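Work through the exercises below with the sequence and the structure side by side, attempting each task before reading its solution.

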Amino acid sequence: MAAKIASLSCRELENLFVPVLQNCVKMTELKKIHALIVKYSLSQSSFLVTKMVDVCDNSGDVKYAASLFKQVIEPNVFLFNALIRAYAHNNFYTLAVAVYKKMLRHEPAENPLLPDRFTFPFVIKSCAGLTNHSLGKQIHAHVCKLGPKSHSTTENALIDMYTKCDNLTDAYKVFGEMTDRDAISWNSLISGHARLGQMSKARAMFDEMPNKSIVSWTLMISGYTQTGCFADALVVFRQMQMVGIEPDEISIMSVLPACAQLGALELGKWIHMYCDRRGLSVKTCICNALIEMYAKSGCIEEASQLFEHLTQRDVISWSTMIGGLANHGKAKEAIQMFQDMQRAKVDPNGITFLGVLSACAHAGFWREGLMYFDSMRNDYNIQPEIEHYGCLVDLLGRLGRLNQTLDVIRKMPMKPDSKIWGSLLSSCRTHHNLEIAVTAMEHLLELEPDDTGNYVLLSNIYADLGKWDDVSMMRKLIRSKSMKKIPGCSLIEINNIVQEFVSGDDSKPFSKDIFHMLEMFAMHRNEYEDIEDGSRQLQR
């Protein structure tokens, strides 16, 4: 057998290893094959080393791929491309660019190495991953000089790079010069607009797109959700189904937060049943989104049931449930769940502690709140964000520890925002502390001088303390600034459609019917009160 192998030519030996490498999926197997390749003096074969680098790419072992590459004295363009591709696939973007630069500087004995259509997409992807706009433009120049005149994969990579670097002008230029646009080309531009919050432009591009894929629909849904246009997200989700495209895992995860924010419980329940039928409910990410939807829609029991049946709980699962319990006033249950999380050896994150601190604030557990606040820094090395300080300020303020609250605010490592000072001002009204209220108001005047609510709150503090001259002064100040209070609004889901009602708004086609019904309720209430008054007088 050994004599037969020894009689084969170099190309024939290489061909012997090709099927073995194509079927190789484990690094332990690859290293054995590599040993044989070295044994038969084929370690300088760029062809075989390229195949081995591809195996490393699929296994995520880029370190071994780099060692294979370094052993080859004269690597060819295919080997360079394989290593660049491996680095790009595994998010080692700086190393991918470094190999590309090495490729340009490489001077082989015979023909010079030039990047080709298999080189540029992964180098451009690396520039996008690094959000290095300047480098990306240089590579674009190389494409114009050295690359193919028209190659959709390279052009799509350029559009993606420009959109991720917030340069939609050049992205549109590439798009306009393309001879063969596909769904990826359109989706990259839609994604670019959505990422920048330009949903009207994203919608225009989406409407113009000839063959929309589920990715296109999902981009619109997630874009609307991320920019707070939750009702629009639900509309697009329904339109997607009407054209016959069934939701997948990503589109479901994109629309569920919109359901949660709008309280669209019926749609959320339908999605839950859909996930059960499709076998998606077993996925932790889907369950997490459903738990959040139920918790924010007021159905904490349903959220708890989902959590209990979840076999693989991650930090998001625990954090979502803790936050949901806290928001429903179940502080003891939230704290108990946090302790269960610790026993389960799942490390909490900043969101977890936000839920725990919120629970402590709602229940007035100030000692526990301070303990958990210190624990996140000392035990888990998590630096508190402004939201964590907001919970601490709310906690101490509710209990009337206003001097301690003010001391916490002054020692914050970041500048307190209007929510922090507004929380303190609200606590001052509850506990009738005018001195600290004036301090909080001074900062609020600097941060949001036109917010009527702050002036009204301070005016109420003056009124509670009987300082009517100051109340009059505040009211005159509000009138002189021509300030108007932002009208309140409420949302309700009727027949799977979320309706928004704003105070003073009579623009809806059914507004007259609603006002008529409210008048009837008011009349019945007055009649009921008159009957009660008459009954009490007779009893006397």
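**Exercise 1. The largest pocket**

Which element gives the most to the lining of the largest pocket? Describe the pocket and its lining as well.

Solution. The model is a predicted one, and the steps below should be read with that in mind. Begin with the space itself: the largest pocket holds about 550 Å³. Among its 20 lining residues, those closest to the centre are E292, K296, S319, T320 and I351. Next, assign the lining to elements: two or more residues each come from α16 (249-262), α18 (284-296), α20 (315-327) and α22 (350-363). Of the elements, α20 gives the most, with seven residues. Finally, sort the lining by residue class, which yields 10 nonpolar, eight polar and two charged residues.

**Exercise 2. The largest nonpolar core**

Identify the residues that touch the most other members of the largest nonpolar core, and follow one of them through its contacts.

Solution. As background, nonpolar side chains in soluble globular proteins tend to be buried together. In this model the largest nonpolar core has 157 residues, and those touching the most other members are L30, I271 and L424. The greatest contribution to this core is made by helix α6 (residues 77-89), which supplies nine residues. To follow L424, set aside its neighbours within four places in sequence; the contacts that remain are V393, L402, T405, L406, I409, I436 and A440.

**Exercise 3. A charged residue in helix α6**

Is R85 buried or exposed, and which residues does R85 touch beyond its sequence neighbours?

Solution. First place the residue: R85 belongs to helix α6. Its relative accessibility is 19%, and because the limit for buried is under 20%, R85 counts as buried. When residues up to four places away in sequence are not counted, R85 touches D54, D57 and F122. D54 also appears in a second spatial relation, since the C-alpha atoms of Q22 and D54 are 9.2 Å apart although the two residues are separated by 32 places in sequence. Q22 is part of helix α2 (residues 10-22), and with a relative accessibility of 56% Q22 counts as exposed.

**Exercise 4. Salt bridges along and across the chain**

How many salt bridges does a search of the whole structure find? Take three of them and state how the partners are placed in the sequence and how accessible they are.

Solution. The search finds 14 salt bridges.

Step one takes D170 and K137, whose closest N and O atoms are 2.9 Å apart. This pair joins distant parts of the chain, with D170 in helix α11 (residues 168-177) and K137 in helix α9 (residues 133-146), 33 residues apart. The partners fall into separate accessibility classes: D170, at 14% relative accessibility, counts as buried, whereas K137, at 37%, counts as partly exposed. The pair also belongs to a wider arrangement, as K137, D170 and K173 are linked in a network of salt bridges.

Step two takes E246 and R278, whose side chains meet in a salt bridge with an N to O distance of 2.6 Å. This pair, too, links distant parts of the chain: E246 is in the loop between α15 (230-242) and α16, R278 is in helix α17 (residues 265-278), and they are 32 residues apart. E246 counts as partly exposed, at 44% relative accessibility, and R278 counts as partly exposed, at 47%.

Step three takes R398 and D394, for which the N to O distance is 3.0 Å. These two residues are separated by about one helical turn, because they stand four residues apart in helix α24 (residues 386-398). R398 has a relative accessibility of 40% and counts as partly exposed.

**Exercise 5. Positive phi angles**

Where do T131 and K345 lie, and what is the phi value of T131 and of K345?

Solution. The background to this task is that most residues other than glycine have a negative phi. T131 has a positive phi, near 45 degrees, and is placed in the loop between α8 (120-129) and α9. K345 also has a positive phi, near 65 degrees, and lies in the loop between α21 (331-343) and α22. As a last step, consider accessibility: K345 has a relative accessible area of 73% and is therefore exposed.

Note on methods
Residues are numbered from 1 along each chain as its sequence is written. This is a predicted model: local features need pLDDT of at least 70, side-chain atom pairs count only at pLDDT 80 or more; totals for chains, interfaces and linings use all residues. Side-chain values use heavy atoms; hydrogens and water are left out. On a 1 Å grid over the protein atoms alone, a cavity is a set of points where a 1.4 Å probe fits but cannot get out, and a pocket is an open set with protein on both sides within 12 Å along at least five of seven lines; lining residues have an atom within 4 Å of a point. Grid points are joined across faces, edges and corners, and a volume is the space filled by probe spheres set on the points. Ala, Val, Leu, Ile, Met, Phe, Trp, Tyr, Cys and Pro count as nonpolar, Asp, Glu, Lys and Arg as charged, and the others, Gly among them, as polar. Buried means under 20% relative accessible area, exposed over 50%, partly exposed in between (1.4 Å probe, protein chains only). A nonpolar core is a set of buried Ala, Val, Leu, Ile, Met, Phe, Trp, Tyr and Cys residues joined through side-chain atoms within 4.5 Å. Contact means heavy atoms within 4.5 Å. A salt bridge is a side-chain nitrogen of Lys or Arg within 4 Å of a carboxyl oxygen of Asp or Glu.
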